[in-house]
Amino acid sequence: MTTTTLTDTPVERDAEGFFVHPEQWTETMADEIARENGVDTLTDRHWQVINFMRRTYLETGSAPSIRTLGKVSGVPIKELYQLFPKRPAKLAAKIAGIPKPRGCI
Amino acid sequence: MRPRIVIIGGGTAGTLTANRLRRVYGDSAHITVVDRDDRHVYQPGMLFVPFGLTDPGRLVRSRRAQLHEGVELRLAEVDRIEPAEDKVYLDAGEAIPYDVLVIATGAALLPEETEGLTGPGWQERVFTFYTLDGAVALRDALRKFEAGRLVVNMIDVPVKCPVAPLEFCFLADWHFRQRGIRDRVHIDYVTSLDGAFTKATCNRELSGLLADKGIEVTTEFNTGQVDGPGGRLVSWDDREVPFDLLVTIPLHGGSAIIGRSPGLGDEIGFVPIDRATLQADAAANVFAIGDATNVPTSKAGSVAHFEGETLVENIRRFLDGRELEPSFDGHTNCFIETGFHKALLIDFNYETEPLPGVFPEPHLGPLRLLRESRLNHLGKLAFEWVYWHVLLPGRPMPGITAQMQLAGKDLDASAIERSTR
């Protein structure tokens, strides 16, 4: 766990860069986290997913899977891979300032 | 007042729940199980069918015969549950009222949810052993398979028995070695996960075994499309894996009954419940057990068995107007067949990763955890008898408690993953 600074505010993130305390996140931090991860600009479509991730996490205590995102977020899976390359569910969670999605078994 | 308890589903979880409730209540509760047919399949046996290691006919028995004679079995299709009315509606329109409802509807396979999976090539070069018919068809295809790429694809979690795809790879390796053609068959295990298995300690042991047996592992592959005629898997991010024979583990979801029942299921049809009491979020008099729930542990018969104790106690408490007991800890216990008459055994719960050690008795064992042994394999074979004669009747297993025990396990603090929830 390390403390880093985002938009001049210290935040705690785990070794992979996921927020430990989602309440430390602010909307303005999202752009900076996105850039750290190779996503240059956050469009409305990105925000639709980010807001959905955050809302789901805060309501249910767990981050939605890629399958859930494809079904419920309003953004199809193919597009999710274009918006958040390689690992959409993980990357969107990181930018949304919520802990790493726990793969169930 | 004789409470009316209705259980939807006469599989592993529903059957053991009915029999346990009958033992507690005798004639003082009316217990009804609803299922669409009278065929109870011993699902752990399906893994062995493709290799000719078991006869498919012996895996199926009557559901009726597994239930205590004081339990009513209704053979009917359920349309939906109306939790606000405390009623289960059957397809024919009849409503069954309940005081307590137990949802034991299991998990459903959704192969049609993956583009192309059930298209051309399905049951010709694309198979699954997750149904009995599929396992038989795969057996016939494997017999004729002489050379080429065998791909085993776990499309995404959650799935029933998440170790079964790995066991299939191990048994396939053994099968082709016995036939003397292992050098002509390439086996590739393709998974959406970032390792062979999600539990870190277990992943280490299993990855070593896969490497020793020359089984390739392709991770973080999210299958978007299956091209049967072209023999390739295509991921959402346009990677490809070629195959000559594909063994797929299709996407799973909850039962369609849950999808038709207002407010009961999550977006893929599993029932959100309290993970320690098993009470449904949707209604205080609704509980769920086994594969039908959303609890973060394996979908496995052992889980249903361990949940059974908590469930029956909490149904009693609910009917008596007492507080529920948060006693289910996520306990899971799985044998993992590794071929050559050997198996591994793992034992874990919500908070503790599978650890090495001995089981069930500290020091004595006799089974070894997280290590291959012949005795573990014999344990797996013996489990078939235990399933019909101890687990389904809802009897306790001698020496094996519902809560996971740390005694007997090699405790390395770093290996204990504390749940963040």
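**Entry 1: a start at Ile5(B)**

I began with the surroundings of Ile5(B), leaving out residues up to four places away in sequence. Ile5(B) touches Leu21(B), Ala29(B), His30(B) and Ile31(B). Its further contacts are Tyr98(B), Asp99(B), Val100(B), Val102(B) and Ile315(B). I note here that I am working on a predicted model.

Next I looked up the nonpolar cores. The largest one has 114 residues. Ile5(B) and Cys169(B) have the most contacts inside this core. I then asked which element gives the largest share of it. That is helix H3 of chain B, residues 164-178, with eight residues. A second core is separate and has 21 residues. Among its members I found Ala63(A), Leu80(A), Ala93(A) and Ile95(A).

**Entry 2: chain B overall**

I counted elements next. Chain B has seven helices and 24 strands. Its C-alpha trace spans about 70 × 55 × 40 Å along the principal axes.

Does the radius of gyration of chain B agree or disagree with that of a compact globule? A compact globule of 421 residues would come near 22 Å, and chain B has 21 Å, so the two agree. Buried residues make up 48% of the 421 in chain B. I also checked contacts with a separation of 6 or more; in chain B, 67% of them join residues 24 or more positions apart.

**Entry 3: strand E18 of chain B**

I moved to strand E18 of chain B, residues 245-249. Five of its five residues are buried. I checked each face. Leu245(B), Val247(B) and Ile249(B) are buried on one side. Leu246(B) and Thr248(B) are buried on the other.

Which strands are joined to E18(B) by bridges? Strand E11 of chain B, residues 126-127, is joined to E18(B) by two bridges, and the pair runs parallel. Strand E12 of chain B, residues 148-154, is joined to E18(B) by five bridges, again in parallel. I looked up individual partners too. Phe127(B) has Val247(B) as its bridge partner in E18(B). Val152(B) also has Val247(B) as its bridge partner there.

**Entry 4: two residues of chain B**

I picked Thr131(B) first. Thr131(B) sits in the loop between E11 and helix H2 (132-144) of chain B. Is Thr131(B) buried, exposed or partly exposed? I found 17 C-beta neighbours inside 10 Å, so Thr131(B) counts as partly exposed. The buried class needs 20 or more. I also took one long span: Thr131(B) and Leu411(B) are 280 residues apart in sequence and 38 Å apart in space, C-alpha to C-alpha.

Asp173(B) came next. Asp173(B) is in helix H3 of chain B. It counts as buried because 23 C-beta neighbours lie inside 10 Å. What does Asp173(B) contact, leaving aside neighbours within four places in sequence? Its partners are Arg182(B), Ile187(B), Lys213(B), Ile215(B) and Gly339(B). From Asp173(B) to Phe359(B) I noted 28 Å, C-alpha to C-alpha, with their positions 186 residues apart in sequence.

**Entry 5: chain A**

I turned to chain A. Its secondary structure comes to five helices and two strands. Along the sequence the pattern is β-β-α-α-α-α-α. The C-alpha atoms fill a box of roughly 35 × 30 × 20 Å along the principal axes.

I ran the globule check here as well. A compact globule of 105 residues would have a radius of gyration near 13 Å; chain A has 13 Å, so the check agrees. Of the 105 residues in chain A, 34% count as buried. Contacts with a separation of 6 or more include 51% between residues 24 or more positions apart in chain A.

Confidence was my next look-up. Chain A averages a pLDDT of 90, and 96% of its residues score at least 70. Where in chain A is confidence lowest, and where is it highest? The lowest mean, 85, belongs to strand E1 of chain A, residues 2-6. The highest, 95, belongs to H4(A).

**Entry 6: where the chains meet**

I finished with the interface. In it, 16 residues of chain A are in contact with 19 residues of chain B. On the chain A side, helix H3 (66-72) and helix H4 (77-83) of chain A are the elements that give two or more residues. H3(A) gives the most, with five residues. I sorted the residues on this side of chain A by type: seven are nonpolar, three polar and six charged.

Conventions: Residues numbered from 1 in each chain as written. Chains lettered and ligands numbered in written order. Predicted model: local features only at pLDDT ≥ 70, side-chain atom pairs only at ≥ 80, totals over all residues. Helix = DSSP H or I, 4+ residues; strand = E, 2+ residues; numbered from the N terminus. Rg over C-alpha atoms; globule rule 2.2 N^0.38 Å. Buried ≥ 20, exposed ≤ 12 C-beta atoms within 10 Å, placed from the backbone. Contact = placed C-beta atoms within 7 Å. Nonpolar A, V, L, I, M, F, W, Y, C, P; charged D, E, K, R; others polar. Core = buried A, V, L, I, M, F, W, Y, C linked by C-beta atoms within 7 Å. pLDDT = per-residue confidence, 0-100. Pairing = 2+ DSSP bridges.
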